[in-house]
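Work through the exercises below with the sequence and the coordinates open. Each task is followed by its solution in steps.

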Amino acid sequence: MENYLTIKKDGHFSQVIKKSEFICSIARVNSEEEAQQFINQISPKNKKARHNCFAYLIGNHDEIQRESDNGEPAGTAGVPILNALKQNQLHNVCAVVTRYFGGIKLGTGGLIRAYNSTTAAAIREIGVVNRVVMQQASFNLSYADFEKAKYFLNQNQIQLQDVDYTDQVKLTLMLKHDQIKIFQKQLTNYLNFPITLELGGNTYQDIEVKSN
């Protein structure tokens with residue numbers, strides 16, 4: 001598992017350029033099969049559209065890259081969509097841009113700009129997140145030290161995932177890999193007694209990327 005950037009959520013964005021409507025539908029996908037399923041969902045909803053062009057990137061290192069002009073002049077739709085995804089350093093995402101022709105031809109340069117800008121605008125509108133690998137960590141302490149530990153977590157903006165009350169209190173939280181040893185040392189120093197962390201599985205946590 002590796003950290004990577006992707007869209008905050010699935011969504012849509014539309015804009016009109018010289019009377020043609022361009023609609024970008026974009027979604028998270030984890031496989032080529034999921035990407036094709038998403039494309040197959042969007043196209044039937046826009047049967048009257050002249051074109052449903054797409055691009056997708058699969059894998060943390062873009063091991064799978066596909067794009068289609070879907071009848072537009074070669075290189076004027078699929079590649080510009082793909083470039084918008086790459087320019088935003090996104091991974092595991094599929095974008096379909098639907099075009100309803102408005103009667104005015106845009107020319108090769110106009111089409112390239114339209115497909116790229118529609119995809120880029122959709123990404124800005126929906127937002128980007130950093131999917132960060134987090135590891136589960138648990139530790140036990142006495143009831144007398146519980147409030148003090150909670151204060152430490154709040155001050156360091158670490159969210160509790162679970163609290164189990166038995167003869168002791170078991171706290172479970174998620175930490176970044178490079179945070180584990182530092183956290184253990186700091187909490188030990190703060191409580192003034194040794195803390196032993198029990199490490200569990202890994203999962204992703206979405207951290208919103210603030211736009212410039």
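**Exercise 1.** In which helix is the place of Ala144? Then classify Ala144 as buried or exposed.

Solution. The model is a predicted one.
- Step 1: Ala144 sits in helix α4, which covers residues 143-155.
- Step 2: The relative accessibility of Ala144 is 73%. The cut-off for exposed is over 50%, so Ala144 counts as exposed.
- Step 3: For a distance check, take Val169, which is 25 residues from Ala144 in sequence; their C-alpha atoms are 9.6 Å apart.

**Exercise 2.** Locate Asp162 in its strand, classify its accessibility and list its contacts outside the local sequence.

Solution.
- Step 1: Strand β8, residues 160-165, holds Asp162.
- Step 2: Partly exposed lies between the limits of 20% and 50%. Asp162 has 43% relative accessibility and is therefore partly exposed.
- Step 3: With neighbours within four places in sequence set aside, Asp162 is in contact with Lys170, Leu171 and Thr172.
- Step 4: Ser138 is 24 residues from Asp162 in sequence, and the C-alpha to C-alpha distance of this pair is 9.0 Å.

**Exercise 3.** Examine the backbone phi angles of Asn70 and Asn192, and give the setting of each residue.

Solution.
- Step 1: Most residues other than glycine have a negative phi.
- Step 2: Asn70, although not a glycine, has a positive phi of about 45°. Asn70 is found in the loop that runs between β5 (64-68) and α2 (78-87). Its relative accessibility is 38%, so Asn70 is partly exposed.
- Step 3: Asn192 is not a glycine either, and its phi is positive at about 70°. The loop between α5 (180-191) and β10 (198-209) contains Asn192. With a relative accessible area of 70%, Asn192 is exposed.

**Exercise 4.** Which residues of α2 are buried, and against which elements do they pack?

Solution.
- Step 1: The buried residues in α2 are Gly78, Pro80, Ile81, Leu82, Ala84 and Leu85.
- Step 2: These buried residues pack against the strands β3 (20-28), β4 (51-58), β5 and β6 (93-100), and against helix α3 (107-126).
- Step 3: Look past the end of the helix: Gln89 follows α2 and has a positive phi, near 55°.

**Exercise 5.** Compare the two annotated domains by their spans and secondary structure.

Solution.
- Step 1: An unreviewed UniProt entry lists "domain: Impact N-terminal" at residues 18-123. This span is 39% helix and 28% strand, and its end C-alpha atoms are 22 Å apart.
- Step 2: The UniProt feature "domain: UPF0029", also from an unreviewed entry, is placed at residues 140-189. Here the content is 46% helix and 32% strand, with the end C-alpha atoms 16 Å apart.
- Step 3: For the protein as a whole, the count is five helices and 10 strands.

**Exercise 6.** What is the radius of gyration of the protein, and what would a compact globule of 212 residues have?

Solution.
- Step 1: The protein has a radius of gyration of 23 Å, whereas a compact globule of 212 residues would have one near 17 Å.
- Step 2: Along the principal axes, the C-alpha atoms fill a box of roughly 75 × 30 × 25 Å.
- Step 3: Of the 212 residues, 44% are buried.
- Step 4: Among contacts with a separation of 6 or more, 73% are between residues 24 or more positions apart.
- Step 5: The accessible surface comes to about 11,800 Å², and carbon and sulfur atoms account for 45% of this surface.

Technical notes: Residues numbered from 1 in each chain as written. Predicted model: local features only at pLDDT ≥ 70, side-chain atom pairs only at ≥ 80, totals over all residues. Heavy atoms only, no water. UniProt positions renumbered as here; feature names shortened; annotations may be inferred. Helix = DSSP H or I, 4+ residues; strand = E, 2+ residues; numbered from the N terminus. Rg over C-alpha atoms; globule rule 2.2 N^0.38 Å. Buried < 20%, exposed > 50% of the residue type's maximum accessible area, 1.4 Å probe, protein only. Contact = heavy atoms within 4.5 Å. Areas by Shrake-Rupley, 256 points an atom, 1.4 Å probe, with all protein chains shown as cover.
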